Amino acid sequence: MKKQAALLTLSLLMASSLTVPAVAVGAAVPAASAAAESQSGVTLGSVTGQHVMVPLRYAAELLGARVEWNEAERSATASRGSSVLKVWIGSAEAELNGAKVTVALPVQLLNEQTVIPLAVLEQFAEITLGWDGQQPVAQHDLNVKATAYVYQLLQGDGERLAAGSSAAFIQAFRGENTAAALAQIQTLAAGHPKLLQAKTVENGVHSNVYLDYELDIPPGRITLVLRFDKQGAVDDLNAYVTAAESHYQPAAYDDPTLYTEREVVVGKGAFALPGVLTLPKGEGPFPVVILVHGSGPNDRDETIGGAKPFRDLAAGLAGKGIAVLRYDKVTAEHTLKVSALPQFSLEDETVADALRTVELAKTLKEIDPDNIFLAGHSQGGYAVPLMLGQKLGASVKGAVLLAAPSGNISEVLVEQQEVALQLLKESGQPESLIAQQQAAVAAYKSMVETIHNPAYSVDHLPEQFPLGAPYWWIEQRDYQPAEMARSQTTPLFIAQGENDWQVSMKQFEGWKTALKDRTNVTFASYPSVNHLLAEYGSVSIGQEYGQPSNVTSSLVDDVAEWVNKLAE
């Protein structure tokens with residue numbers, strides 16, 4: 001349940017590089033040095049005959065390539081993905097992916113910069129390019145715009161960054177610690193990163209360009225995600241250690257012939273979210289379940305390693321006549337803009353968007369407005385009482401809590417670390433690993449003491465706090481979800497895996513104790529089910545999350561039966 005952030009979410013960048021004076025890209029250096037192809041000191045787009053000549057290093061790095069200079073050979077090698085280009089000063093031949101190619105004009109020095117014909121760069125990048133006098137351009141190709149933006153970010157070119165950014169994103173970049181934040185990113189990508197691959201994924205809000213880069217320093221590979229708005233401006237940015245390829249496999253109960261899906265948009269404005277409506281085949285209107293994420297910047301499927309719990313739930317419930325709405329979490333779709341908000345709360349992260357989705361559900365002709373249900377996983381379930389306590393929450397027919405903490409989340413963090421320590425001991429892990437976990441327990445206890453220290457408040461936050469923004473934690477330090485739910489009347493289905501190390505059975509018992517006098521609460525626990533709602537035969541300590549898994553069919557069946565009974 002620990003509140004997560006992508007390892008390189010660029011919260012480091014919430015204070016703007018846009019306020020940093022633009023770094024000049026015209027600095028000339030001696031041609032005989034390893035930096036001979038450094039940023040452009042030539043007249044960009046110089047024309048010799050009918051051929052546009054462009055500075056190799058500057059142009060190639062704008063496209064995400066890494067360029068290396070060989071002083072002894074007087075040669076330069078650019079690498080991007082699987083494409084490798086090698087040129088020699090004064091030669092009319094080049095080497096592209098091991099094969100000799102003829103260069104229209106010899107590679108030359110111009111204003112102490114190595115320049116090549118644009119056509120050679122096009123062959124190398126495998127795309128038709130233009131040159132706007134400053135950089136390569138390709139009509140309708142966001143990958144080129146994205147790699148150029150990353151280059152400008154690393155160079156601190158505030159003027160061009162601002163020109164390519166949305167107004168909302170520029171606002172997010174304004175703040176303190178700008179120079180330090182930019183310096184950390186520049187250090188991370190020292191020597192200029194090499195682009196391994198690029199892909200564009202569309203959703204109802206953004207065109208998302210995913211750029212996988214190779215670094216010379218740990219962690220070795222990172223992924224940068226640039227989110228372009230409908231006007232073609234960068235509207236948000238995220239970075240994280242490149243994840244291993246997911247080996248997810250659809251569940252046995254996922255029968256695509258039983259449902260259809262279409263894109264939707266939740267909310268409006270700068271923080272609108274893309275989502276998907278999964279509809280059963282047949283005549284509606286249908287009851288609908290709205291899925292609410294756990295902690296961290298989750299996508300609509302709540303992808304974690306080899307699991308996609310929300311995709312499983314959507315397919316499984318739709319196969320039983322129940323529509324499902326799920327969406328990309330605000331911390332995933334608007335990562336940097338969110339990180340710049342000084343008073344970002346659980347309400348902002350989880351509650352508000354779930355209720356906006358309730359509003360959306362009421363407008364959809366395929367949905368029965370009298371049968372709208374919430375289903376929150378982990379942190380999402382923890383926040384359900386807050387949702388039900390608001391005016392719009394009164395229109396919710398029922399709520400499902402999946403592996404949801406019953407106590408305050410800060411206290412659950414300590415319990416989580418203590419459970420992990422006990423499991424490490426019981427499974428015979430090395431003493432060094434046990435010692436590390438003992439230190440983690442002590443560190444989390446200290447952080448929780450800080451959260452609950454009466455000397456601090458939302459108006460007086462601790463200056464040093466290692467667990468993300470202190471406002472998020474202190475704002476809700478008195479929130480006890482099970483106690484709030486005690487006086488509420490909305491029917492609940494509370495489900496818990498007995499093999500869950502992140503949210504233990506102690507939390508499940510907390511719900512049962514607090515709600516023992518309520519007659520419209522159903523409790524169910526599942527012996528071998530872990531925190532990802534999947535069956536796991538060994539003791540779960542999270543190591544299995546990378547392996548393919550699916551939400552257990554028994555849970556899907558029980559939730560569907562409960563929803564359909566209430567919707568009758």
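Me: A polar contact is a pair of N or O atoms within 3.5 Å; within protein, one must be able to donate a hydrogen and the other to accept it, and residues adjacent in sequence count only if both atoms are side-chain atoms. Why is the link between the side chains of Gln417 and Gln416 called a polar contact?

Reply: This is a predicted model, in which local features need pLDDT of at least 70 and side-chain atom pairs count only at pLDDT 80 or more, while totals for chains, interfaces and linings use all residues. Residues are numbered from 1 along each chain as its sequence is written, and side-chain values use heavy atoms, with hydrogens and water left out. The side chains of Gln417 and Gln416 are joined at 3.3 Å, a value within the limit of 3.5 Å. The link joins side chains, as the rule for adjacent residues demands. It is therefore a polar contact.

Me: Is Gln417 buried or exposed, and what makes it so?

Reply: Buried means under 20% relative accessible area, exposed over 50%, and partly exposed in between (1.4 Å probe, protein chains only). Gln417 has 8% relative accessibility, so it counts as buried. The residue is found in helix α13 (residues 409-426); helices (H or I, at least four residues) and strands (E, at least two) are DSSP runs, numbered from the N terminus. Leaving aside neighbours within four places in sequence, Gln417 is in contact (heavy atoms within 4.5 Å) with Gln437, Ala440, Val441 and Tyr444.

Me: Which class of accessibility does Met53 belong to, and why?

Reply: Met53 has a relative accessible area of 1%, so it is buried. Met53 lies in strand β2 (residues 51-55). Its C-alpha atom is separated by 5.9 Å from that of Val115, although the two residues are 62 apart along the chain. Across the whole chain of 568 residues, buried residues make up 55%.

Me: What makes a group of residues a nonpolar core, and which residues have the most contacts inside the largest one?

Reply: A nonpolar core is a set of buried Ala, Val, Leu, Ile, Met, Phe, Trp, Tyr and Cys residues joined through side-chain atoms within 4.5 Å. The largest has 57 residues, and Leu325, Leu374 and Met387 have the most contacts inside it. Helix α10 (residues 346-363) gives the most to this core, with 7 residues. Apart from this core lies another, of 31 residues, including Ala60, Val67, Ile116 and Val144. In soluble globular proteins, nonpolar side chains tend to be buried together. Beyond four places in sequence, the contacts of Met387 include Val292, Val351, Leu355 and Leu374.

Me: How many bridges join β17 to β19, and what makes them a pair?

Reply: Two strands pair if DSSP finds at least two bridges between them. Strand β17 (residues 273-280) and strand β19 (residues 323-327) are joined by 4 bridges and run antiparallel; the requirement of at least two is therefore met. Within this pair, Thr278 stands opposite Val324 and Val276 stands opposite Arg326. Strand β17 also pairs with β16, in the antiparallel sense, over 8 bridges, and Val264 faces Gly275 there. β16 and β17 form a hairpin with 6 residues between them, and Gly267 in the turn has a positive phi of about 75°.

Me: Why is β17 said to be largely enclosed?

Reply: 8 of the 8 residues of β17 are buried, so the rest of the structure largely encloses this strand. Leu273, Gly275, Leu277 and Leu279 point one way, while Pro274, Val276, Thr278 and Pro280 point the other way.

Me: Which strands stand at the edges of the sheet of 8 strands, and why are they called edge strands?

Reply: The open sheet has the order β16-β17-β19-β18-β20-β21-β22-β23, with mixed pairing. β16 (259-266) and β23 (521-526) each have a single partner strand, so one side of each is left without a neighbour in the sheet. Neighbouring strands of this sheet are turned by 20° against each other on average, direction ignored. Helix α17 (residues 505-514) lies across β21 (398-402), β22 (492-497) and β23, running at about 165° to β23; axes are lines fitted to C-alpha atoms, for helices over the stretch in contact, and angles run from 0 to 180 degrees between N-to-C directions.
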